[in-house]
Amino acid sequence: MILPIVAYGDPVLRKETTEITKDYPNLEEVLENMFETMYEARGIGLAAPQVNLPLRLFIVDATPFEDDEDLSEEEQKFVSTFKKVFINARILEESGDEWAFNEGCLSIPDVREDVFRKPNIVMEYEDENFKKHKESFSGIVARIIQHEYDHIEGILFTDKLSPLKKRLIKSKLANISKGKVGVDYRMKFPNAKKKR
């Protein structure tokens, strides 16, 4: 089932998320719906708060980057099969020199800005079977994970912009929260005027 994606300004995007236990009801269905929703919106990652669930859960599918000529052959090969579920994730370490990448977000349509992040991360997480993992990621995959991880921490990529950039996009963000934006996927706008 395709779920509506929550737009900028909705309090759920800032909520503290809760950990998931093995007995979380219908987790398989939640994951299926999240993947379906992400693909419908042509996204590469989706966090539970974006579909109105304040949970420590996000999904990533980096396969659209397999033809990206800016990536090394090795990285293209790695992303070509990178599709994962991250439950109760914790980033333990971020390292390296920060690099800029033009990021966007399904909850903030039509806004793309350069965001600086460190290239390497070490993290702990559980997969969809609640098997624990401790892994290192780098490059574009680390970037996607960091962006989605921020969502479960109540952080949006726009929070990482300079004060000037934030001022420049302020009215655009206000319009998004009111539903004054063209999107071709289902969204829930917190400040949209109710139809009488």
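**Group meeting: a sheet and two helices**

Helix 1, residues 27–40, lies across strand 2, strand 3 and strand 4, and it runs at about 45 degrees to strand 3. Before I go on, please keep in mind that this is a predicted model.

Now the sheet that these strands belong to. It is an open sheet of 5 strands, in the order 2-3-4-7-8, and the pairing is antiparallel. Which strands are the edge strands? They are strand 2, at 45–47, and strand 8, at 132–138, and each of them pairs on one side only. From one strand to the next, the twist averages 40 degrees.

As a reminder for those new to this, strands of a sheet pair through backbone hydrogen bonds, either parallel or antiparallel.

Let us take strand 4, residues 83–95, and look at its partners. With strand 3, residues 57–61, strand 4 pairs in the antiparallel sense over 5 bridges. If you want a place to look, find V60, which stands opposite K84 in strand 4.

Strand 4 also pairs with strand 7, residues 120–126. How many bridges join strand 4 and strand 7? There are 6, again in the antiparallel sense. Two pairs can be picked out here. E93 has V122 in strand 7 as its bridge partner, and E94 has I121 in strand 7. In general, the side chains of a regular strand alternate between the two faces of the sheet.

Last, the other helix. Helix 3, residues 139–152, lies across strand 2, strand 3, strand 4, strand 7 and strand 8. Its angle to strand 3 is about 155 degrees, while for helix 1 the angle to strand 3 is about 45 degrees.

Notes: Residues numbered from 1 in each chain as written. Predicted model: local features only at pLDDT ≥ 70, side-chain atom pairs only at ≥ 80, totals over all residues. Heavy atoms only, no water. Pairing = 2+ DSSP bridges. Helix = DSSP H or I, 4+ residues; strand = E, 2+ residues; numbered from the N terminus. Axes fitted to C-alpha atoms, helices over the stretch in contact; angles between N-to-C directions. Contact = heavy atoms within 4.5 Å.
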